[in-house]
Amino acid sequence: MTTPDVTVVVAVFNTMPYLTECLDSLVAQSIGHDRLEVIAVDDGSTDESGEVLDAYAAAHPDVFRVIHQPNSGGPASPSNKALDVATGRYVYFLGSDDHLGTEALERMVDLADEHGSDVVIGKMVGVNGRIVHQGLYEDGNQVDLDPYGPKLRWAIANTKLFRRDLVERLGLRYREDMPFGSDQPFTLAACVHARRISVLADYTCYYAVKREDSSNISYKTPYEDRVDCIHEMMQSVADLVPAGPDRDTILTRHFAWEIPRLLRQDLLESSESAQRAVCAGVRRMAEEWLNDAMLDELPVSARLRVSAAAREDLALLSELVQEENTHTDLVHLEGGHALAVLPGFRSSDLPDRLFRMALVGVEGRLNKLARLGAVRVEVGRLLVDVVLPVVGPDAASTFWASLDPAGPALATTTRSDERSATVTIAVDPGVVASSGDGPWRLVLHGEIDAGPFDVRVPAPEDDVVSRFRHGARPHRLTAARARKGKVLSLSVEPVAPREVVSSLLGRLRR
């Protein structure tokens, strides 16, 4: 009997109607049935999933092998059962509510064979609102990925191609005592011990589906069990990777992702005992592993929620969650720092450091929340008001403006109150005309201790036109929406002689 190139493991429990698309995507794989083995383990399904699996096995006996077992409570046991009987050179894990791109397995096996890769990560995207980090794929295909790099930590689910020799040599199996996240210790151990990890980013291999009823295992596991499982995930990192920057890089992922996902509105709607159990678990993990460098790396919203939970301050945690849902937060500029004005800011004993925003957060927030005020012509100049959600003693001195790309600086004035700052940009039409044909984007610039940032000026609803004389000829300066994007664009053009004559005649008639 020929050894298949890849064994696909599918753990199944009540996943109809998503299961049929999953199985169809396997039948359609371009790698061919002679190179493919599918082991589907029905973990005591009570819907028609078991019958559907048997039907596919009957229709494609050369591909599918189905194992039925009593329900075990999670995907670990069925995955282990499949690993015990797998025969492929590689093994791949596919969620039974997810599906593959047609060429996924062929492309990943070819990449692994060409480069001797023990692990291949195929591009994965979310469906139906499922969130899947895309940072790992931004650099394109990668032959040799650093297991301790900052991007792999966002992709440590088991949805990868593993060389089965590596799995068996290390004796890797799933933690059956973890109803949630049991794949992470498995995946992490494989990646740390792999000779080579490669990334296939130029083809979408995996489509991760969020069910309409959010009944995926990661969404339905009770909160108390989830916090315990997250602790076990982190403990597995600590057991595998010595203390230091490499361990911190991986552990930061859990404080930035898994833990904040616990600290949301639905937790606040659960029992007080569940809330206190989660907070106690977060406090334990923070005391064991969270250091200042890791805390600084967290997004400010995650940093504050983790801190509130670690303090077991349910009232502050509730305020933070509610504020995040309303998105009314301001940016406080002081001493070169940008601080998020969120619950607890200077009204508790929380230090300013917890509220400090990263450069990308400042730029993203201001670009999202900046709004256009008045656009008007006064004394031959075009005046543009941009309203920003910034406050604090440095709000009036942080911003300046220019024409982009590589245009001259423009004069600005700023006035502020308790809820916003309005930056008025004065555009001299002659300066614009002397700078070239354009069109020009109008851009606000700012700088904090973390570095410089840009804020796009939103476009007006209607064009605003100013007439002026440049040299011997009259010209027109128009502020309008840029052809690409919802930003303000400036353009200058000479006024045709016949248009000037027509305007003069119109005045005479009046």
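## Aromatic contacts, cysteines and strand pairing

With a relative accessibility of 6%, Y174 counts as buried (buried: under 20% relative accessible area; exposed: over 50%; partly exposed: in between; 1.4 Å probe, protein chains only). The model is predicted: local features need pLDDT of at least 70 and side-chain atom pairs pLDDT 80 or more, while totals for chains, interfaces and linings use all residues. Numbering starts from 1 along each chain as its sequence is written, and side-chain values use heavy atoms, without hydrogens and water.

**Aromatic rings**

Rings of Phe, Tyr and Trp (its six-membered ring) pair if their centres lie within 6.5 Å; planes under 30 degrees apart are stacked, over 60 edge-to-face, and the rest tilted. Nine aromatic pairs meet this rule. In one of them, the ring centres of Y56 and F64 are 5.9 Å apart and the planes stand at 65 degrees, so this pair is edge-to-face. Y56 and F64 are both buried.

Y174 and F186 make a stacked pair, with 4.6 Å from centre to centre and 5 degrees between the planes. Y174 belongs to the loop between α5 (164-170) and α6 (183-193), and F186 to helix α6, so the contact ties together parts that are 12 residues apart in sequence. Helices (H or I, at least four residues) and strands (E, at least two) are DSSP runs, numbered from the N terminus. F186 is also buried, at a relative accessible area of 1%. Y174 and F186 join F93 and F162 in one aromatic cluster.

R226 sits over two rings, a term that requires NZ of Lys or CZ of Arg within 6 Å of the ring centre and within 35 degrees of the ring normal. The charged end of R226 is 5.4 Å from the ring centre of F180. R226 also lies over the face of Y223, at 5.3 Å from the ring centre.

**Cysteines**

Zero disulfides (cysteine sulfur atoms within 2.5 Å) are found in a search of the whole structure. For C205, the closest cysteine sulfur is that of C22, at 15 Å, which is too far for a bond. C205 is buried, with a relative accessible area of 0%. The sulfur of C229 has its closest cysteine sulfur in C279, at 18 Å, again too far for a bond. C229 counts as buried at 4% relative accessibility.

**Strand pairing**

Two strands pair if DSSP finds at least two bridges between them. Three such pairings are listed below.

| Strands | Sense | Bridges |
|---|---|---|
| β19 (residues 464-470) and β20 (residues 473-481) | antiparallel | seven bridges |
| β20 and β21 (residues 488-494) | antiparallel | seven bridges |
| β9 (residues 330-334) and β13 | parallel | two bridges |

Between β19 and β20, R469 has P474 as its bridge partner in β20. Two residues separate the strands in this hairpin, where G471 adopts a positive phi near 70 degrees. Further along, H475 stands opposite P494 in β21. The hairpin of β20 and β21 has six residues between the strands, and G485 takes a positive phi near 95 degrees there.

A separate description applies to β9. An open sheet of three strands follows the order β10-β9-β13, with mixed pairing. Its edge strands, β10 (337-341) and β13 (390-391), each pair on one side only. V331 has V390 as its bridge partner in β13.
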